[in-house]
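Biologist: I'm new to this one, and I'd like to learn how to read it step by step. Could you take me through it?

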Amino acid sequence: MYPAAFDYHAPSSVKEALELLGKHKDDAKLLAGGHSLIPMMKLRLAQPKHLIDLRKVPGLSGIKQDGNMLAIGAMTTHWEVESSALVKSKLAVLSETAALIGDPAVRNRGTVGGSIAHADPAADYPAAMIALGAEMVCEGAKGRRTVKVDDWFKGLMTTAVGEDEILVEVRVPVLPASSGAAYLKFPHPASRFAVVGVAAAVTLDGKGMCSKASVGVTGAGTKAIRAKGVEAGCAGKKLDAAAIEAAASKAAEGVDVQADLQGSVEYKSHLCRVFAKRALTEAVKRAGG
Amino acid sequence: MATVASDRLFGKSIKRREDPRFITGRGQYVDDVKIPGMTYAAFVRSPHAHARIRKIDTAAAMRHPGVVAIFTGKDMTGVNSLPCGWDLRKEKNVPGVVQDLAMVPHMPLTSDAARHVGDPVAVVIADSHEAAIDGAEKVQVDWEPLPAVTVTERAAASGAPKLHDGAPGNVAFKWEIGDRAATDAAFKTAGAVTVKKRIVNQRLVANAMEPRACLARFDDATGELTLWVTSQNPHVHRLLMCAFVLGIPEHKVRVIAPDVGGGFGSKIFLYNEEVVCSWVSRRLKRPVRWTASRSEAYLTDAHGRDHVTDAEIALGRDGKILGLRVKTTANLGAYLSTFAPAVPTFLYGTLLNGVYAIPAIHCEVTGVFSNTTAVDAYRGAGRPEACYVVERIVEAGARAAGMDVADLRKKNFIPKFSGAFQTQVAVVYDSGDYGAAWDRMLQMLDYRKFRAEQEAARKQGRLLGIGFSAYIEACSIAPSKLVGALGAGAGLYESGKVRVHPTGMVTVYTGSHSHGQGHETTFAQIVADKLGIPIEQVEIVHGDTGSIPFGMGTYGSRSASVGGTAILMSLNKVIEKGKRIAAHLLEASPKDIDFSGGQFQVKGVPGKAVPFGAVSLTAYIPHNFPEGVEPGLEETSFYDPSNFCFPFGAHACVVEVDRDTGNVKILRYLAVDDVGNVINPMIVDGMVHGGIAQGVGQALCEGAVYDGQSGQLVTGTMMDYALPKADMLPMYETDRTVTPTPVNPMGVKGAGETGTIAATPAVVNAVVDALAPLGVDHIEEMPMTAQRVWKIIQGAKGAR
């Protein structure tokens, strides 16, 4: 199917992109890879009159280390995250998460910023970003501001980015010593989006007890959330199988689970618990626990 | 008879000659054909599963820039219903008819009511594809939504919304086969173990890689219409369209099915869009093109399967099968597609004997209409449904009788035979050695070792299972006289014309149609071998009614056995004529001439010979030519098979079920197939591999799901409808046994559908076996998504 007619803009700076956004407002959509937007346009579920393609804006792509953070340009593709030697050495879980997105064609076009700004409830990155405590850098006419991941996902495909702003960078802290993280998901058999995906990051203290656990859940509800019950269940504990099982049992708490063809509320809630357990188990193992 | 097996190219895995064109993007598909002045069609389709059309307002759409014309069903005066080519009626003496087929109308553009989501009600013609689509969005249809029914078992229930005036209770037909009294008696045998199971064979979407497309060009100067169309059988398309729907002269219509990207059956049928574009082209005197979007393909390509069955088996104390009783409801969708009534009857009931000596069988089928896309042949067409019922109920029977599923099968196989085995369901098998394929498969599997491993795994709490499938199918479709007696509106012979050019180059015109099968390779192998010439000298032409003799096309695994035999017959005629010419040149008698290795030679005199090329040249420059022989070297044959061919085999699948998620992982897949002699093993392997993937897809992930309330197709995109993916499949372990058919001279049976037929029950049986320790003895529905399996585990009495 063909999309409805639209005007295509390819600005060469963030400033120019912001001006276009300010001019066309609701009639405009930012194009950042297009692997969600273009299919919606082809089905005519989305009919923006203006597409502002960020592909030619310099400086929005690339990964660099900035202190204890990895700074990932919004237009960095999933493949770049997946294959980056820097990401693999400093934050392997992020590379692994990217590798689970779609297929190679999707990963070579789709971008980190596109995914996080689109906030598909079944996207993979959101769970990892929550578990890793990422920050989103938005740029507007008045300059830049940083939004913590816990304030980012507002609801179904809604985020904290302003209507007059562009997400330009994602900053992800590198894990401290004695930490481990993992993202595991149950993929939709057709789309490979996450029916349920859980990311867990744990830090152990000198005695092997959990000093910090951070867990994000995606797929099951209308937005990715932090599994606070699981985190609380881990804190201060020796994370053996029984402790993990007990903590993971809280994984569906706070998730507004949506039933569909792939799963009832009961089944998806169960998958949240199963994958929380598996992700925690792997994270603890990687932390040396 | 099967003497060619020792020849040079027959049996060799030569690479597909068509592939360089396809893999470098140089194929010519319908959508690649461009004609000056071309217009584009977009169809206005029903968003409702069932709705009366009050009014269609096209005014706003006509004003859209680029829109040329808009037509509704009411504009198409003098156009008839799309025909159904299989007539199940008592007055036609069609066997087994219990209630006559309701021949309900299927207009190219419906004007009274829409009966499924996607039913076309108007067509917008524009100067560009985009303008046509935009215009179609502006057509205002005043709908009166009506209650809809999509669920197979509810379609004919009392109170269900009625689809057609001519089909009370939404019943399309009732049909039966077998011996009811003998079957009833078998089930009353003293001491018999009887098991009854509900078995659902869900609805599938064919998903050919290339969506359907057509381009109609009416030439006002000559009065000729050319239709390029994604068809598996261009002559059938032409005949149905000319004789039944549009009433236009057949000799003035040329149908071309060029490169076609897959069909799986869905491109056999005559569809609304092809008829409408042809009609519009004549009306506007301009070319009209239409190419389906994938979303349109999901809504309008004929779907497959959709059976709900109650199956019962009776076993003697010794494990011998005593009887099989089957009662099936087949959902035909909203209208009768071209061959729809044949699929759940003569392509289904006749295969219920399986590979077993079953003394009594009875099967009843009710075809029903529902507010869904029409259902017709899909890879295997009726035979997968039959195999699924037999192979599932046999395992259920074995479990109930406390017997090993492999032992029970072996005890019941029909013994090796060649020539004829009369089944209890009308058909006569041609040749078979079911035990040999089975034993080879068990040997590859190391069955006893697997059971020991399984026992150990179960002790660790792992859910490991094995499932089998000993399948049979009917290929080489089909003897015309026989299918005629069964209600077919067509003959099912095939044509093959061999044109030898003066230089000895050969062009073959086949009525078969390749849309993935590799005919340009396999048929050329037959020709090169037979004539003793390099394969490079052979060209295979198909898909154009302007050049090929009337042909029936490709489906039902018939190309090699029926189409190939027609070519072989023409080759024999060419050689016979060549012998007469050579005899004249060599001053010998034709009966003393041998032909081999491309040489016509006087028997026993190696020095006295002429090559094939010299004979072909003489045929066209007949200065020194035998009396009474016509110049030229070109022969045409039509081959009508004397029987079906019945390939068979033994498949096994090993799975492990994730107890926590219900996810099924296939660990091993084994297939031993017997398709008779094999022309190109690599191509047959490819067919088996792809077929297994499709069968696995049905078992584990595919399924067209309609919302029970709204009648919307929930799985209408590739984001929702799960096709099998490479990472779901293990490396297949395959082998073949060879039992040539006596039906045709090459001894080939057919290989295109075997994997699809065999794989589905093998996978489902494996999951049942994996869950057996939990007390599970049956799974009713597919696909076995993780959720479905998890729920079964939760509900099982033995679950921890």
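Modeller: Happy to. Let's begin with a term we'll need: a residue is called buried when its relative accessible area is under 20%. Take K268(A): its relative accessibility is 3%, so K268(A) counts as buried. Keep in mind that this is a predicted model.

Biologist: Where is K268(A), and what does its side chain reach?

Modeller: K268(A) sits in helix α11 of chain A. Its side chain comes to 2.8 Å from the backbone oxygen of Q258(A), and it also makes a polar contact of 3.0 Å with the side chain of D260(A). Setting aside residues up to four places away in sequence, K268(A) touches V195(A), V196(A), A220(A), V257(A), Q258(A), D260(A) and G263(A).

Biologist: Since the model is predicted, how should I treat the confidence values?

Modeller: As a general idea, where pLDDT is low, the predicted coordinates should not be read in detail. Chain B averages a pLDDT of 96, and 99% of its residues score at least 70. Over residues 1–6 of chain B, though, the pLDDT is below 50, and that stretch has seven contacts in the model beyond near neighbours in sequence.

Biologist: Okay, I'll go easy on that stretch. How do I read the interface between the two chains?

Modeller: The size of an interface is often given as the accessible area lost when the parts come together. Here chain A and chain B bury about 2100 Å² between them, with 59% of it on carbon and sulfur atoms. On the chain A side, Y2(A), L261(A) and Y267(A) lose the most area to chain B, together 26% of what that side buries. Counted by residues, 23 of chain A are in contact with 27 of chain B.

Biologist: How many salt bridges does the rule find across the interface of chain A and chain B?

Modeller: The rule finds five. A salt bridge also joins the side chains of D658(B) and R278(A), at 2.9 Å from N to O. For polar contacts, the count between the chains is 11 residue pairs, both residues at pLDDT 80 or more. Helix α11 of chain A, residues 265–286, gives the most to the side of chain A that touches chain B, with seven residues. That side of chain A divides into 12 nonpolar, seven polar and four charged residues.

Biologist: Let's go to a loop. Is E165(A) buried or exposed?

Modeller: E165(A) is buried, because its relative accessible area is 10%. You'll find E165(A) in the loop between β9 (158–159) and β10 (166–173) of chain A. The side chain of E165(A) has a polar contact of 2.6 Å with the side chain of R145(A), and one of its polar atoms lies 2.7 Å from the backbone nitrogen of G162(A).

Biologist: And which residues from elsewhere in the chain does E165(A) contact?

Modeller: Leaving out neighbours within four places in sequence, the contacts of E165(A) include L18(A), L21(A), L30(A) and C138(A). The pairing with L18(A) is worth a look: the two are 147 residues apart along the chain, yet their C-alpha atoms are separated by 6.9 Å.

Biologist: What about backbone angles?

Modeller: Most residues other than glycine have a negative phi, and most peptide bonds are trans. A119(A) has a positive phi, near 55°, and is found in the loop between α7 (112–118) and α8 (125–132) of chain A. A119(A) counts as buried, because its relative accessibility is 4%. In chain B, A381(B) has a positive phi near 45° and lies in the loop between β16 (361–369) and α9 (383–401). At 5% relative accessibility, A381(B) counts as buried too.

Biologist: Where are the cis peptide bonds that I should look at?

Modeller: One joins I477(B) and A478(B), with omega about -5°; A478(B) is in the loop between β19 (463–472) and α13 (480–485) of chain B. Another cis bond joins M782(B) and P783(B), with omega also about -5°. P783(B) belongs to the loop between α18 (754–771) and α19 (786–795) of chain B.

Biologist: Last one: why is α8(A) described as largely enclosed?

Modeller: Eight of its eight residues are buried, so α8(A) is largely enclosed by the rest of the structure. Among those buried residues are Y125(A), P126(A), M129(A) and L132(A). After α8(A) comes G133(A), which has a positive phi near 70°.

Conventions:
Residues are numbered from 1 along each chain as its sequence is written. Chains are lettered from A and ligands numbered from 1 in the order in which they are written. Side-chain values use heavy atoms; hydrogens and water are left out. pLDDT is the predictor's confidence in each residue, from 0 to 100. Contact means heavy atoms within 4.5 Å. Buried area is the accessible area (1.4 Å probe) that two parts lose on being put together, summed over both. A salt bridge is a side-chain nitrogen of Lys or Arg within 4 Å of a carboxyl oxygen of Asp or Glu. A polar contact is a pair of N or O atoms within 3.5 Å; within protein, one must be able to donate a hydrogen and the other to accept it, and residues adjacent in sequence count only if both atoms are side-chain atoms. Helices (H or I, at least four residues) and strands (E, at least two) are DSSP runs, numbered from the N terminus. Ala, Val, Leu, Ile, Met, Phe, Trp, Tyr, Cys and Pro count as nonpolar, Asp, Glu, Lys and Arg as charged, and the others, Gly among them, as polar. Buried means under 20% relative accessible area, exposed over 50%, partly exposed in between (1.4 Å probe, protein chains only).
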